[in-house]
Amino acid sequence: MARFGMMIDTRKCVGCYACRVSCQMQNELPVEVSYIKFYEKETGIFPNVKNEIIPVQCQHCEDAPCESVCPTKATYTTEDGIVLVDAEKCIGCKYCMVACPYQARTQDHLTGVVEKCRFCADLVAEGKQPACVTTCISNARVFGDLDDPNSDVSKAIIKHNAHPLRPDLGKSKIYYVR
Amino acid sequence: MVWGTIIAAYLFLAGLSAGAFLTSSFVSRKYPNAVTVRFTGRIISPILMGIGLLLLIVDAEAGLKNPLRFIYLFTNFNSVMTIGTYFISFFMMAAAYVALMEILKKKVNKIVEYIGIVFAVATAMYTGFLIGVITTVPLWNTAILPILFVVSALSTGIAGTMLVSSFFSKKEVHQVLSIKKIHLSLLAVEVFLIFTMFLITSTSNEAAAESVASLVSGEFMLLFWIGLMAIGLLLPILLESLELWNARKMGHSEAGLQVAAAGSHGIAGTLVTESSVLVGGFILRFLLLSAAVPIAFL
């Protein structure tokens, strides 16, 4: 059993939105719906300032708050640690959207089902990488097994001293270099 | 805002329905002669809950399109929504039974009524826990919220029951004095709870402070001060106090007693008081949902 996770190096991200577009293609999403949101954050005091571009998607939390509040058990975690939504069980009550600390969920207004980043579970099952990772022009994204100390992602997290966005909001599986 | 007006209306109706059931149970014991008030409370309770549930179903789009999926609502015991679904189911069954017996003029089974009372309280509380367990929104994530919702549920329940009753029996509305006293204290407690909640939560963190600021001095200022505080709470407190004071005065004079016995005094006060409480009850839920600022994660 793997425990899939990702590292995003915001220092390398140029905000080209290629990951978002490839994600929309992969998941067959309409233009206005996306699983990756971009945030900009200014830090520091002039003249020592920094502008970060931070792509945010489902953080695939362990003990995910969206999973525990879901009244129908539509949201579940696979054995590989990927948080998924069973579209056949979702009633669209939006409790998960309210509970998600990262506002990473969005509702499909055609079906009413609430969806989000799936870590491209289908591709990963075939041994491939998620669409956002393979498409990233600056290799800002690294994906792999967090339990394997020799995986690219584990090594990269150690090398760049990456951290989850907010470790106090739960154990998320996307690590950020900032 | 993920949850909007529809959910606010549902939270309001669920509380109102539970409150009306409790009001009628209280009246049936304390004032066995106040048949109209008891009847009204028992009838409106399942109807209002039913409207609330319909709103929920409409808001849950995926379920609306595939109604069989609502069965799954009973499956996740870690979710407050699942627990609430059980509470509402039991409450709804008891309330519908009691209403039916009332219509058929049959004796209500005491045990079923007690079950109804327990699950009415549970339903009112659950609406608070539903959003209270959301750690992402500090405005909701406070222990005082479920208590505020229960107090508001009882207060709107009394208001709804009295408002509808006043159309059918002016006399009874003036007769159930202790209901009015309870109502007055509930309204006062509600003001205190809102004050406490806002004062303490606003100091807990930035998102909470932002939520409270948007209510008392920002975007929702007018709705909060005029809609909730002035119309929803202070006006009914004032009118209810005047009415109770008046009732006491009347009890002291011969002429007053005659007027009271004839039941000929107006219901304008009751109409205004109870409608404004209902308006306030809805605005309270609407504001708490609208002013929800999630914690910043960046």
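**Exercise 1: Empty space inside**

How many cavities of 30 Å³ or more does the structure hold? Find the count, then describe the largest cavity.

*Solution.* Before starting, note that this is a predicted model.

- Step 1. The search finds five cavities of 30 Å³ or more.
- Step 2. Turn to the largest cavity: its volume is about 110 Å³.
- Step 3. Look at what surrounds this largest cavity. Its lining has 15 residues, and the closest to its centre are C13(A), C16(A), C19(A), C136(A) and R141(A).
- Step 4. Sort the lining of the largest cavity by character: 12 residues are nonpolar, two are polar and one is charged.

**Exercise 2: A pair of rings in chain B**

Decide how the rings of F87(B) and F119(B) are arranged, and say which parts of the chain they tie together.

*Solution.* Let's go from the whole structure to the single pair.

- Step 1. Over all chains, there are 15 aromatic pairs.
- Step 2. For F87(B) and F119(B), the ring centres are 5.9 Å apart and the planes meet at 55°, so this pair is tilted. The tilted class applies because the angle is neither under 30 degrees nor over 60.
- Step 3. Place the two residues. F87(B) belongs to helix α4 (residues 80-103) of chain B and F119(B) to helix α5 (residues 110-132) of chain B, so the pair ties together parts 32 residues apart in sequence.
- Step 4. Check the accessibility of each. F87(B) has 24% relative accessibility and therefore counts as partly exposed. F119(B), at 19%, counts as buried, because the cut-off for buried is under 20%.

**Exercise 3: Charges over rings**

Which residue lies over the face of Y72(B), and which over the face of F149(B)?

*Solution.* Take the two rings in turn.

- Step 1. Over the face of Y72(B) lies K89(A), at 5.2 Å from the ring centre.
- Step 2. Over the face of F149(B) lies R285(B), at 4.9 Å from the ring centre.

**Exercise 4: A sheet in chain A**

Work out the strand order of the four-stranded open sheet in chain A, then follow F4(A) within it.

*Solution.* Start with the order and finish with one residue.

- Step 1. The four strands run in the order β8-β1-β10-β9, with mixed pairing.
- Step 2. At the edges stand β8 (141-145) and β9 (163-164) of chain A; each has a single partner strand, so one side of each is left without a neighbour in the sheet.
- Step 3. Strand β1 (residues 4-9) of chain A pairs with β8(A) in the antiparallel sense, over five bridges.
- Step 4. The bridge partner of F4(A) in β8(A) is D145(A). Ring pairs also link F4(A) with F119(A) and F143(A) into a cluster.

Note on methods
Residues are numbered from 1 along each chain as its sequence is written. Chains are lettered from A and ligands numbered from 1 in the order in which they are written. This is a predicted model: local features need pLDDT of at least 70, side-chain atom pairs count only at pLDDT 80 or more; totals for chains, interfaces and linings use all residues. Side-chain values use heavy atoms; hydrogens and water are left out. On a 1 Å grid over the protein atoms alone, a cavity is a set of points where a 1.4 Å probe fits but cannot get out, and a pocket is an open set with protein on both sides within 12 Å along at least five of seven lines; lining residues have an atom within 4 Å of a point. Grid points are joined across faces, edges and corners, and a volume is the space filled by probe spheres set on the points. Ala, Val, Leu, Ile, Met, Phe, Trp, Tyr, Cys and Pro count as nonpolar, Asp, Glu, Lys and Arg as charged, and the others, Gly among them, as polar. Rings of Phe, Tyr and Trp (its six-membered ring) pair if their centres lie within 6.5 Å; planes under 30 degrees apart count as stacked, over 60 as edge-to-face and the rest as tilted. Helices (H or I, at least four residues) and strands (E, at least two) are DSSP runs, numbered from the N terminus. Buried means under 20% relative accessible area, exposed over 50%, partly exposed in between (1.4 Å probe, protein chains only). A charge sits over a ring if NZ of Lys or CZ of Arg is within 6 Å of the ring centre and within 35 degrees of the ring normal. Two strands pair if DSSP finds at least two bridges between them.
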